[in-house]
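Student: Please take a close look at one part of this model, the nonpolar interior. Add the backbone details that go with it.

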Amino acid sequence: MLALVTEFAIEARNLVRSFGDNHAVDGVNLTVSRGEIYGFLGPNGAGKSTLLHLLQGRLNPSEGTLKCDGSIALMPQKGAIDWTFPITVWEMVRLGRKSNQVTTTAETLLERVGMGEMRRRRLNQLSGGQQQRVLLARALMQESDVLLLDEPYSAIDPPSREHLLGVMRQQASSGQTLLVSSHDWGSALDSYDRVVVLDRRVLAVGS
């Protein structure tokens, strides 16, 4: 189970998640500081998405302990969303509101991610890069302490990637902690404060 921790935003010790005989996450140890942009790099099937779902609380650990300081939001992979659903961009972002205490508006967040002029478009009219921007705005709508981003650079153009990275840096500078999962080793390595190389277990950690 998730428990609160005060020294770090995220702390995991000997974290294991098994599916039958398969260890998708196998003895992971990590600490993530508040306001840090922390990257998970590894090939497909390395356990990155499973680890994010453990951090979010959607999965329970098979073994080990996991502690989190504050609320957590997830920006899922865009393949997890039905983009034929008949709603507008604005309505999609509004779906991210989890509490009446949230003060930021969908319009403000769409402007921040560069999608303000497209707020009335239908989801099926968006490019891959535009879809990623909408998912980021929806996750930011929750005003969480920790933001998890699952493969945010997947199939997007360079301008969309740079815009997304700029928003991520703004969020980190405001104190939000970001954990980013990616199998693309060339994606914005200089934008992370630290990187962990993952293949079901931690192979290396560094700047």
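Tutor: Helices (H or I, at least four residues) and strands (E, at least two) are DSSP runs numbered from the N terminus. The model is predicted: local features need pLDDT of at least 70, side-chain atom pairs count only at pLDDT 80 or more, and totals for chains, interfaces and linings use all residues. Residues are numbered from 1 along each chain as its sequence is written, and side-chain values use heavy atoms, without hydrogens and water.

The largest nonpolar core (buried Ala, Val, Leu, Ile, Met, Phe, Trp, Tyr and Cys joined through side-chain atoms within 4.5 Å) has 36 residues, of which Met-92, Leu-136, Leu-147, Leu-149 and Met-168 touch the most other members. Elements giving two or more residues include strand 4 (37-41), helix 2 (89-94), strand 7 (146-150) and helix 5 (158-173). Helix 4 contributes the most, 6 residues. Leaving aside residues up to four places away in sequence, Leu-147 has contacts (heavy atoms within 4.5 Å) that include Ala-73, Met-75, Leu-136 and Leu-179. A second, separate core holds 23 residues, among them Ala-12, Val-25, Leu-74 and Leu-198.

Strand 2 (residues 10-19) and strand 3 (residues 22-32) run antiparallel, joined by 8 bridges; pairing requires at least two DSSP bridges. Leu-15 faces Val-28 of strand 3. The two strands form a hairpin with 2 residues between them, and Gly-20 in the turn has a positive phi of about 65°. Asn-14, in strand 2, also has a positive phi, near 50°.

Arg-200 has a positive phi near 70° and lies in the loop between strand 9 (194-198) and strand 10 (202-206). Arg-200 is partly exposed, at 40% relative accessible area (buried is under 20%, exposed over 50%, partly exposed in between; 1.4 Å probe, protein chains only).
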